[in-house]
Amino acid sequence: MRLRAARPAAVRAFAAQAKKQAPRMSASVTVATGLTSAAVLAYTQMDQVHCDWLSWLGFGGSVKKDEFADIRAEIAKIIGDNAAGPIFVRLAWHAAGTYDINTSTGGSNGATMRFAPECNHGANAGLGLARKLLEPVKAAHPEISYADLWTLAGVVAIEVAGGPKVGWHSGRTDAASGESCPPDGRLPDASKTQDHIRNVFYRMGFNDQEIVALLGAHTLGECHRDRSGYVGPWTRDPHGFDNSYFTLLLDEKWQVKAGMPLQFEDKTGDLMMLPADLALVVDPEFRKYVELYAKDGNKFNQDFAKAFEKLLHLGVPTKKN
Ligand code: HEM
């Protein structure tokens with residue numbers, strides 16, 4: 001398949017901003033040895049209800065402003081070493097995309113995906129990998145909350161891929177348990193189309209243009225059989241951020257791909273679209289914006305940056321840093 005690999009030069013340039021060296025793994029040992037036996041016991045007992053080792057500790061809150069440059073550089077290095085940009089964007093989006101504007105529940109604040117039942121929601125399959133890859137950064141900077149770390153990782157991933165700078169501020173705190181996990185079913189179902197997509201994104205407070213801009217993130221990454229059941233990338237450069245998702249949506253003749261679940265492929269069979277992606281060209285209101293972004297990549301970058309920033313700050317307390 002003629003796909004381009006991750007972008008080492010972009011990653012190197014980004015990581016060059018680092019003032020410090022790579023993640024200090026020893027910090028995790030310090031945290032672990034600092035636990036009292038009571039805490040260790042509590043940890044063991046909590047094993048049934050959380051997903052990520054030590055993550056229930058949920059420190060966070062007082063990162064020094066200049067430390068964020070180091071954190072960003074460490075994230076960029078992990079992205080470069082593991083081609084993890086797309087999955088970091090998906091982690092940030094799934095953490096935030098559970099928000100309900102009417103009840104002010106869900107959203108990135110709380111990092112509740114560390115806990116069951118949310119970590120076991122079908123839509124989050126595979127995201128344990130992304131959370132694990134970020135653990136060394138958390139260990140080296142225990143003051144950052146997981147909720148801030150995951151959303152910042154999404155922002156860095158967009159930039160490393162050559163996408164726009166996305167505004168971001170800290171201030172998220174980590175929930176202590178899974179009690180505030182949002183109910184299952186708040187994230188979109190890829191087998192469904194425009195009505196479902198609108199229900200999900202209107203619930204977060206987005207309009208049609210913002211929805212189309214956000215779905216442009218499928219310029220990155222791919223589907224994995226063992227995570228979602230779907231397979232394949234949307235574009236030929238799954239580690240580069242551009243408007244090719246929109247040009248492909250319009251220019252290719254998408255045919256049903258053999259096998260289940262239902263998805264679509266281009267004439268080469270290399271690229272794919274989900275039923276939810278194709279809804280953007282079938283629905284006339286959505287299609288207007290697909291055409292706009294296919295023509296104007298700069299406009300897409302600007303609108304994506306605004307919509308992604310909005311997504312990552314839904315329900316987040318006022319700016320701290
Ligand atoms: C209707 C809305 C959406 C649906 C139905 C949807 C569905 C999916 C599915 C099924 C996958 C494949 C997961 C896997 O198998 O690894 C995926 C991956 C991905 N999604 Fe979405 N998504 C939607 C919206 C978004 C939004 C709003 C963003 C970000 C702003 C996003 C970013 C990504 C990225 C970057 C990947 C690739 C992950 C990787 O390569 O590991 N998606 N999406």
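**Ligand shell, helix contacts and loop geometry**

The largest share of the shell around the ligand comes from H5, which gives five residues. The model described here is predicted. The shell holds 24 residues, and those that come nearest to the ligand are Pro86, Ala217, Gly221, Arg227 and Ser228. Three elements give two or more residues to this shell: helix H5 (85-96), helix H10 (208-215) and strand S1 (222-223). By class, the shell is made up of 16 nonpolar, five polar and three charged residues. Two domains take part in the shell. Domain 1 (8-186) supplies at least three residues, and so does domain 2 (194-307).

Helix H10, which gives residues to the ligand shell, also meets helix H14. Helix H14 spans residues 297-312, and the axes of H10 and H14 come within 8 Å. The two axes cross at roughly 100 degrees. An angle of 65 to 115 degrees counts as roughly perpendicular. H10 and H14 are therefore roughly perpendicular to each other. On the H10 side, the contact is made by Gln209, Glu210, Ala213 and Leu214. On the H14 side, Phe300, Asp303, Phe304, Ala307, Phe308 and Leu311 take part. Seven residues of the contact between H10 and H14 are nonpolar, one is polar and two are charged.

A second helix pair involves H12 and H13. Helix H12 covers residues 275-282, and helix H13 covers residues 284-295. The axes of H12 and H13 come within 5 Å and cross at roughly 90 degrees. That crossing angle makes H12 roughly perpendicular to H13. In H12, the contact residues are Ala279, Leu280 and Val281. In H13, their counterparts are Phe286, Arg287 and Val290. The contact of H12 with H13 has five nonpolar residues and one charged residue, with no polar residues.

The model also contains an open sheet of three strands, in the order S3-S4-S5. Pairing in this sheet is antiparallel. Strand S3 (255-256) and strand S5 (272-273) are the edge strands, and each pairs on one side only. Strand S4 consists of residues 264-265, and S3 pairs with S4 over two bridges in the antiparallel sense. Gln255 has Glu265 in S4 as its bridge partner.

The loop between S3 and S4 holds Pro261. The peptide bond from Met260 to Pro261 is cis, and its omega is near -5 degrees. Another cis peptide bond joins Ala116 and Pro117, with omega about 5 degrees. Pro117 is placed in the loop between H5 and helix H6 (127-133). Ser104 is also found in the loop between H5 and H6. Phi of Ser104 is near 50 degrees, a positive value in a residue other than glycine. The loop that follows H5 thus holds both Pro117 and Ser104.

Conventions:
Residues are numbered from 1 along each chain as its sequence is written. This is a predicted model: local features need pLDDT of at least 70, side-chain atom pairs count only at pLDDT 80 or more; totals for chains, interfaces and linings use all residues. A residue is near a molecule or strand if its C-beta atom, placed from the backbone, lies within 6 Å of it. Helices (H or I, at least four residues) and strands (E, at least two) are DSSP runs, numbered from the N terminus. Ala, Val, Leu, Ile, Met, Phe, Trp, Tyr, Cys and Pro count as nonpolar, Asp, Glu, Lys and Arg as charged, and the others, Gly among them, as polar. Domain bounds come from an automatic or database domain assignment. Axes are lines fitted to C-alpha atoms, for helices over the stretch in contact, and angles run from 0 to 180 degrees between N-to-C directions. Angles under 35 degrees count as roughly parallel, over 145 as roughly antiparallel, 65 to 115 as roughly perpendicular and the rest as oblique. Two residues are in contact if their C-beta atoms, placed from the backbone, lie within 7 Å. Two strands pair if DSSP finds at least two bridges between them.
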